[in-house]
Amino acid sequence: MKKKVYFTLDCGYRVAAKVRTIRKEDGGIITIVSAKFPSVFRILIDKLDTPKYFFLRWTTEELENSFGKEIRGKAFCMPEDVYNEEYGIEIATKRLQFKMNVMVNNRLRKVRKELERTLNNILFHLDDIDV
């Protein structure tokens, strides 16, 4: 039976991650928790009541280079240590969650800058129009 863990990113997006364990020849054990990177577009439209899909699709398109990419968090147990599966899964999950939060936050920061730049550009052009 495949194990899964669930956690929520800082932005509120819920992630389902796969868990697997690898036993090394030297007796060490690696616990890997992995999940596919979410779509920035999906994260944004989940947060909006009446999203402007076209504009968000255009704004987020170039940031989707990691969409679907598998991100991993790993925990290592040395051969001389006693393996605790729950503890290994917890460490690997926290590492995955941290990585994904950093990646999502960086992309959302870029979207915000682009939206601000575009809005400022629109306001600048509106100032030029005589009404």
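Phe 7 has Val 15 in E2 as its bridge partner. That pair belongs to a hairpin in this predicted model, where strand E1 (residues 3-8) and strand E2 (residues 14-23) run antiparallel and are joined by 6 bridges. Lys 4 also faces a residue of E2, standing opposite Lys 18. Between the two strands of this hairpin lie 5 residues, and Gly 12 has a positive phi near 95 degrees.

Now follow the chain onwards. E2 is joined by 6 bridges to strand E3 (residues 29-36), again in the antiparallel sense. Here Ile 22 has Ile 30 in E3 as its bridge partner. The hairpin of E2 and E3 has 5 residues between its strands, and Gly 27 takes a positive phi near 100 degrees. E3 is also joined to E4, by 8 bridges, and those two strands run antiparallel.

Here are the strand pairs side by side:

| Strand pair | Sense | Bridges |
|---|---|---|
| E1 and E2 | antiparallel | 6 bridges |
| E2 and E3 | antiparallel | 6 bridges |
| E3 and E4 | antiparallel | 8 bridges |

**The sheet as a whole**

Put the pairs together and you get an open sheet of 4 strands in the order E1-E2-E3-E4, with antiparallel pairing. E1 and strand E4 (70-77) are at the edges with a single partner strand each, so each has one side without a neighbour in the sheet. From one strand to the next, the twist averages 30 degrees. As a bit of background, strands of a sheet pair through backbone hydrogen bonds, either parallel or antiparallel.

The protein has 3 helices as well as its 4 strands. Reading along the sequence, you meet them in the pattern β-β-β-α-α-β-α. So what about contacts between residues that are far apart in sequence? Among contacts between residues at least 6 apart in sequence, 64% join residues at least 24 apart.

**What sits inside**

Of the protein's 131 residues, 37% count as buried. The largest nonpolar core has 19 residues, and those with the most contacts inside it are Phe 7, Leu 9, Ala 17, Val 33, Leu 96 and Met 100. E1, E2, E3, E4 and helix H3 (85-128) each supply at least two residues of this core. Which element gives the most to it? That is H3, with 6 residues. In soluble globular proteins, nonpolar side chains tend to be buried together.

Ala 17 is a handy residue to click on. Leaving aside neighbours within four places in sequence, its contacts include Val 5, Phe 7, Val 33 and Leu 96. Lys 3, Lys 4, Ser 34 and Ala 35 are also in contact with Ala 17.

**Two buried residues, one from E3 and one from H3**

Thr 31 lies in strand E3 and stands opposite Ala 75 in E4. Is Thr 31 buried or exposed? Its relative accessible area is 1%, under the 20% cut-off, so Thr 31 counts as buried. The side chain of Thr 31 makes a polar contact of 3.3 Å with the side chain of Tyr 83. Beyond its neighbours within four places in sequence, Thr 31 is in contact with residues including Val 19, Arg 20, Thr 21, Gly 73, Lys 74 and Ala 75. Gly 88, Ile 89 and Ala 92 are among its contacts too.

Ala 92 brings us to helix H3. Ala 92 is buried because its relative accessibility is 0%. Its contacts, leaving aside neighbours within four places in sequence, are Thr 31, Val 33, Gly 73, Lys 74 and Ala 75. Take Gly 73 from that list: 19 residues separate Ala 92 and Gly 73 along the chain, while their C-alpha atoms are 4.6 Å apart.

**How confident is the prediction?**

The pLDDT of the protein averages 81, and 73% of the residues score at least 70. Which elements have the lowest and the highest mean pLDDT? Helix H2 (residues 53-60) has the lowest, at 53, and E1 has the highest, at 95. So keep H2's low score in mind as you turn the model around, and remember that E1, where we started, has the highest mean pLDDT among the elements.

How values were computed:
Residues numbered from 1 in each chain as written. Predicted model: local features only at pLDDT ≥ 70, side-chain atom pairs only at ≥ 80, totals over all residues. Heavy atoms only, no water. Pairing = 2+ DSSP bridges. pLDDT = per-residue confidence, 0-100. Axes fitted to C-alpha atoms, helices over the stretch in contact; angles between N-to-C directions. Core = buried A, V, L, I, M, F, W, Y, C linked by side-chain atoms within 4.5 Å. Buried < 20%, exposed > 50% of the residue type's maximum accessible area, 1.4 Å probe, protein only. Contact = heavy atoms within 4.5 Å. Polar contact = N/O pair within 3.5 Å; in protein donor to acceptor, adjacent residues only side chain to side chain.
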